[in-house]
Amino acid sequence: MKKLLSSLLILTIFASCNSAKENKTPTNDGYTLQKSENIEFAKKTLISAASGDLDTYKSLYSDTAIFYDNAAKETLQQNIEVFNQMKAAGISIKLEKFDAVFEAVDNVANPEIGTNDYIFIYCTLTFSKGDKKITIPFHQANALKGGKIIREWDFYDGSAISELMK
């Protein structure tokens, strides 16, 4: 009887160890990077836009890049036109700081766009016109493929920028 109880106890311990191993198995489907060439590449979008260097800005994107600017879908040319309109209205942009930047690399590519590489940028921008200034938090996510940005998602409060455009 003691052998039977001991055997049951050993089997119970063994079974619980196996199920614990199964529960601790990571279900990670990718990884993140704090530093990479892609991060530095994506940061150039904000640096060049803020400095008014739209030729460099344009060179970072594929010709067929799609932007989702606060959910409004734009082409590369439409996005560049927004910067031209701000310049014509006398608005300047200053990149105050990068608050957080990281790269997420998924193990499986997004079937819609064929990439698994995304850069997430959180920064602070100041828009100025004359003596009026507004400083806003800005979030940008970029999908990269073939050394170019193919998708960009921008999130920010544009209401104050609209006021400056008047």
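**Exercise 1. Find which residue is the bridge partner of tyrosine 118 in strand 6, then place that pairing in the sheet.**

Start with the bridge: tyrosine 118 is partnered by alanine 143 of strand 6. A quick note on the model: it is predicted, with local features needing pLDDT of at least 70 and side-chain atom pairs counting only at pLDDT 80 or more, while totals for chains, interfaces and linings use all residues. Numbering runs from 1 along each chain as its sequence is written, and side-chain values use heavy atoms, with hydrogens and water left out.

Next, the strands: strand 5 (residues 115-129) and strand 6 pair in the antiparallel sense over 13 bridges. Strands here are DSSP runs (E, at least two residues), helices are H or I runs of at least four, and both are numbered from the N terminus. Two strands pair if DSSP finds at least two bridges between them.

Finally, zoom out: 7 strands make an open, mixed sheet in the order 1-4-5-6-7-2-3. Strand 1 (30-33) and strand 3 (72-75) are the edges, each pairing on one side only.

**Exercise 2. Is asparagine 142 buried or exposed, and what is it in contact with?**

First locate it: asparagine 142 belongs to strand 6 (residues 132-145). With 0% relative accessibility, asparagine 142 is buried (under 20% relative accessible area; exposed is over 50%, partly exposed in between, using a 1.4 Å probe and protein chains only).

Now the contacts (heavy atoms within 4.5 Å). Leaving aside neighbours within four places in sequence, asparagine 142 touches, among others, Ala42, Asp117, Tyr118, Arg151 and Trp153.

**Exercise 3. How are the rings of phenylalanine 102 and phenylalanine 120 arranged?**

Begin with the count: there are 7 aromatic pairs in the structure. Rings of Phe, Tyr and Trp (its six-membered ring) pair if their centres lie within 6.5 Å; planes under 30 degrees apart are stacked, over 60 edge-to-face, the rest tilted.

Warm up on tyrosine 57 and tyrosine 61: 5.0 Å centre to centre and 55° between the planes, so tilted. Both are buried, tyrosine 57 at 3% and tyrosine 61 at 2%.

Then the pair in question: phenylalanine 102 and phenylalanine 120 are 5.1 Å apart centre to centre with 20° between the planes, hence stacked. Phenylalanine 102 sits in strand 4 and phenylalanine 120 in strand 5, 18 residues apart. Check the exposure as well: phenylalanine 102 is partly exposed at 25%, and phenylalanine 120 is partly exposed at 22%.
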